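Me: I would like to learn how to read a structure like this one, feature by feature. Can we start with how strands pair?

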Amino acid sequence: MLYDTGNIFAKILRGEIPCNKVYEDEFALAFHDINPQAPVHVLVIPKGAYVSMADFTADAPADLITGFFRAVGTVANQLGLVESGYRTLANAGADAHQEVPHLHIHIFGGKPLGPMLVKGH
Ligand code: AMP
(Lines give C-alpha, C1' and ligand atoms only; values in the text may rest on other atoms or scores of the structure.)
Protein backbone atom coordinates (compact mmCIF):
# COMPACT_ATOMS: atom_id res chain seq x y z
CA MET A 1 0.00 0.00 0.00
CA LEU A 2 1.36 3.39 -0.99
CA TYR A 3 1.79 5.91 1.79
CA ASP A 4 -0.76 8.76 1.67
CA THR A 5 1.02 11.95 2.73
CA GLY A 6 -2.39 13.56 3.38
CA ASN A 7 -3.30 11.24 6.26
CA ILE A 8 -4.09 12.86 9.58
CA PHE A 9 -1.02 11.58 11.43
CA ALA A 10 1.24 12.87 8.65
CA LYS A 11 -0.40 16.27 9.17
CA ILE A 12 0.24 16.02 12.92
CA LEU A 13 3.91 15.13 12.27
CA ARG A 14 4.25 18.16 9.97
CA GLY A 15 2.66 20.37 12.62
CA GLU A 16 -0.29 21.23 10.39
CA ILE A 17 -2.82 20.11 12.97
CA PRO A 18 -2.35 19.98 16.74
CA CYS A 19 -2.14 16.98 19.03
CA ASN A 20 -2.14 16.47 22.78
CA LYS A 21 1.50 15.43 22.96
CA VAL A 22 2.87 13.19 25.70
CA TYR A 23 6.33 12.39 24.30
CA GLU A 24 8.57 13.22 21.36
CA ASP A 25 12.09 12.35 20.28
CA GLU A 26 13.88 12.12 16.94
CA PHE A 27 12.21 8.80 16.09
CA ALA A 28 8.69 8.96 17.47
CA LEU A 29 5.79 11.13 18.57
CA ALA A 30 3.20 10.08 21.16
CA PHE A 31 -0.12 11.81 21.80
CA HIS A 32 -3.48 11.14 23.42
CA ASP A 33 -6.09 9.48 21.23
CA ILE A 34 -8.86 11.93 20.36
CA ASN A 35 -11.51 9.27 21.12
CA PRO A 36 -10.12 7.34 24.09
CA GLN A 37 -11.22 3.71 24.56
CA ALA A 38 -9.67 3.41 28.05
CA PRO A 39 -8.74 5.83 30.88
CA VAL A 40 -5.30 6.00 29.27
CA HIS A 41 -5.21 5.75 25.47
CA VAL A 42 -2.09 7.05 23.78
CA LEU A 43 -0.85 6.60 20.22
CA VAL A 44 2.83 6.28 19.33
CA ILE A 45 3.83 6.92 15.73
CA PRO A 46 7.21 6.70 13.99
CA LYS A 47 8.69 9.75 12.28
CA GLY A 48 8.62 8.33 8.79
CA ALA A 49 6.26 7.46 5.95
CA TYR A 50 5.14 3.93 6.89
CA VAL A 51 1.64 2.53 6.66
CA SER A 52 1.87 -0.44 8.99
CA MET A 53 4.12 -2.96 10.71
CA ALA A 54 4.98 -4.87 7.50
CA ASP A 55 6.43 -1.97 5.48
CA PHE A 56 7.96 -0.37 8.59
CA THR A 57 9.92 -3.45 9.63
CA ALA A 58 10.90 -4.21 6.02
CA ASP A 59 11.90 -0.72 4.89
CA ALA A 60 12.74 1.53 7.85
CA PRO A 61 16.37 2.07 8.88
CA ALA A 62 17.45 0.08 11.93
CA ASP A 63 17.89 3.15 14.14
CA LEU A 64 14.30 4.22 13.44
CA ILE A 65 12.93 0.74 14.21
CA THR A 66 14.90 0.62 17.44
CA GLY A 67 14.05 4.19 18.38
CA PHE A 68 10.36 3.73 17.69
CA PHE A 69 9.98 0.61 19.81
CA ARG A 70 12.11 2.13 22.56
CA ALA A 71 9.77 5.13 22.54
CA VAL A 72 6.74 2.85 23.03
CA GLY A 73 8.35 1.44 26.17
CA THR A 74 9.42 4.87 27.38
CA VAL A 75 5.89 6.20 26.99
CA ALA A 76 4.36 3.24 28.85
CA ASN A 77 6.83 3.96 31.64
CA GLN A 78 6.17 7.72 31.66
CA LEU A 79 2.42 7.09 31.80
CA GLY A 80 2.96 5.03 34.97
CA LEU A 81 1.51 1.87 33.43
CA VAL A 82 4.33 -0.61 33.86
CA GLU A 83 3.36 -1.83 37.30
CA SER A 84 -0.41 -1.93 36.80
CA GLY A 85 -0.20 -3.26 33.24
CA TYR A 86 -1.17 -2.03 29.82
CA ARG A 87 -1.96 -3.26 26.32
CA THR A 88 -0.30 -2.35 23.03
CA LEU A 89 -2.10 -2.85 19.75
CA ALA A 90 -1.40 -1.97 16.12
CA ASN A 91 -4.15 -2.35 13.55
CA ALA A 92 -3.11 -3.05 9.96
CA GLY A 93 -5.41 -3.04 6.98
CA ALA A 94 -9.09 -3.60 6.40
CA ASP A 95 -9.65 -6.75 8.51
CA ALA A 96 -8.11 -4.99 11.52
CA HIS A 97 -10.16 -1.83 10.86
CA GLN A 98 -7.13 0.42 10.50
CA GLU A 99 -8.53 3.93 10.12
CA VAL A 100 -5.38 6.00 9.77
CA PRO A 101 -2.83 4.70 7.24
CA HIS A 102 0.27 5.72 9.21
CA LEU A 103 1.74 3.07 11.53
CA HIS A 104 0.64 3.66 15.10
CA ILE A 105 0.78 1.64 18.28
CA HIS A 106 -2.08 2.16 20.69
CA ILE A 107 -1.23 2.04 24.39
CA PHE A 108 -4.25 1.30 26.59
CA GLY A 109 -4.28 1.25 30.37
CA GLY A 110 -5.64 2.70 33.57
CA LYS A 111 -8.12 -0.08 34.34
CA PRO A 112 -8.46 -3.86 33.92
CA LEU A 113 -8.83 -4.21 30.16
CA GLY A 114 -10.63 -7.53 29.89
CA PRO A 115 -10.03 -10.16 27.22
CA MET A 116 -7.96 -9.29 24.19
CA LEU A 117 -10.64 -9.61 21.51
CA VAL A 118 -14.40 -9.36 21.63
CA LYS A 119 -15.75 -12.92 21.73
CA GLY A 120 -17.60 -14.06 18.63
CA HIS A 121 -15.54 -11.85 16.31
P1 AMP B 1 -6.86 2.75 13.98
O2 AMP B 1 -8.28 2.25 13.84
O3 AMP B 1 -5.96 1.75 14.63
O4 AMP B 1 -6.32 3.27 12.66
O5 AMP B 1 -6.92 3.94 15.02
C6 AMP B 1 -6.91 5.28 14.66
C7 AMP B 1 -7.05 6.06 15.94
O8 AMP B 1 -6.70 7.41 15.68
C9 AMP B 1 -8.45 6.06 16.53
O10 AMP B 1 -8.41 5.53 17.84
C11 AMP B 1 -8.84 7.54 16.51
O12 AMP B 1 -9.63 7.91 17.63
C13 AMP B 1 -7.49 8.22 16.49
N14 AMP B 1 -7.44 9.56 15.93
C15 AMP B 1 -7.96 9.97 14.74
N16 AMP B 1 -7.69 11.26 14.53
C17 AMP B 1 -6.98 11.69 15.60
C18 AMP B 1 -6.39 12.93 15.99
N19 AMP B 1 -6.50 14.01 15.20
N20 AMP B 1 -5.73 13.00 17.16
C21 AMP B 1 -5.63 11.91 17.95
N22 AMP B 1 -6.15 10.72 17.65
C23 AMP B 1 -6.82 10.60 16.49
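Reply: Take one residue and look across the ladder. Glu24 stands opposite Leu29 in E2. Keep in mind that the model is predicted.

Me: Which residue of E2 is the bridge partner of Lys21?

Reply: Phe31 is the partner of Lys21. Both pairs belong to one ladder. Strand E1 covers residues 21–24, and 3 bridges tie E1 to E2. The two run antiparallel.

Me: How many residues make the hairpin link between E1 and E2?

Reply: The hairpin that connects E1 to E2 uses 3 residues.

Me: What lies on the other side of the pairing, between E2 and E3?

Reply: E2 also pairs with strand E3, residues 40–46. Here 5 bridges join the two, again in an antiparallel arrangement. For a single pair to pick out on screen, take Ala30, which faces Val44 in E3.

Me: Why is E2 described as largely enclosed by the rest of the structure?

Reply: Count the buried residues. A residue is buried when its relative accessible area is under 20%. In E2, residues 28–32, 4 of the 5 residues are buried, so the strand is largely enclosed by the rest of the structure.

Me: Now single residues. Is His102 buried or exposed?

Reply: His102 has 0% relative accessibility, so it counts as buried. Find His102 in the loop between E4 and E5.

Me: What does the side chain of His102 contact?

Reply: Look for N and O atoms facing each other. The His102 side chain makes a polar contact of 2.5 Å with the side chain of Tyr3. The side chain of His102 also reaches the backbone oxygen of Gly48, at 3.4 Å.

Me: Where is His97, and is it buried or exposed?

Reply: His97 sits in the loop between E4 and E5 as well. Its relative accessible area is 56%, and His97 is exposed. Check the backbone too. Phi of His97 is near 65 degrees, a positive value in a residue other than glycine.

Me: Which residues are closest to the ligand?

Reply: Begin with the neighbours, then go to atom pairs. The ligand is surrounded by 16 residues. The closest are Asp33, Asn91, Glu99, His104 and His106.

Me: What do the atom pairs with the ligand's oxygen atoms look like?

Reply: Sort them into side chain and backbone. From a side chain, a polar atom of His104 lies 2.8 Å from an oxygen atom of the ligand. From the backbone, Val100 has a polar atom 3.0 Å from a ligand oxygen. His97 returns here: a backbone N or O atom of His97 is 3.1 Å from an oxygen atom of the ligand.

Me: How do I read a pocket?

Reply: Rolling a probe the size of a water molecule over the atoms shows where empty space is left. Then ask for volume, lining and class. The largest pocket holds about 1100 Å³ of space. Its lining has 33 residues. Gln37, His41, Asn91, His106 and Phe108 lie nearest the centre.

Me: Which elements supply the lining of the largest pocket?

Reply: Helix H1 (8–13), E2, E3, strand E4 (86–89) and strand E5 (105–109) each give at least two residues. H1 supplies the largest share, with 3 residues. By class, the lining comprises 19 nonpolar, 11 polar and 3 charged residues.

Me: What about sequence distance against distance in space?

Reply: Compare two C-alpha pairs. Lys111 and Ala38 are 73 residues apart along the chain, and their C-alpha atoms are separated by 7.4 Å. Glu16 and Met116 are 100 residues apart in sequence, and 34 Å apart in space, C-alpha to C-alpha.

Me: Where do Lys111 and Glu16 sit?

Reply: Lys111 is in the segment after E5. Its relative accessible area is 46%, and Lys111 is partly exposed. Glu16 lies in the loop between H1 and E1. Glu16 is partly exposed too, at 48% relative accessible area. Its side chain has a partner: a polar contact of 2.6 Å joins the side chains of Glu16 and Arg14.

Key. Residues numbered from 1 in each chain as written. Predicted model: local features only at pLDDT ≥ 70, side-chain atom pairs only at ≥ 80, totals over all residues. Heavy atoms only, no water. Buried < 20%, exposed > 50% of the residue type's maximum accessible area, 1.4 Å probe, protein only. Helix = DSSP H or I, 4+ residues; strand = E, 2+ residues; numbered from the N terminus. Pairing = 2+ DSSP bridges. 1 Å grid on protein atoms, 1.4 Å probe; cavity = no way out; pocket = protein on both sides within 12 Å on 5 of 7 lines; lining within 4 Å. Points joined across faces, edges and corners; volume = space filled by probe spheres on them. Nonpolar A, V, L, I, M, F, W, Y, C, P; charged D, E, K, R; others polar. Near = heavy atom within 4 Å. Polar contact = N/O pair within 3.5 Å; in protein donor to acceptor, adjacent residues only side chain to side chain.
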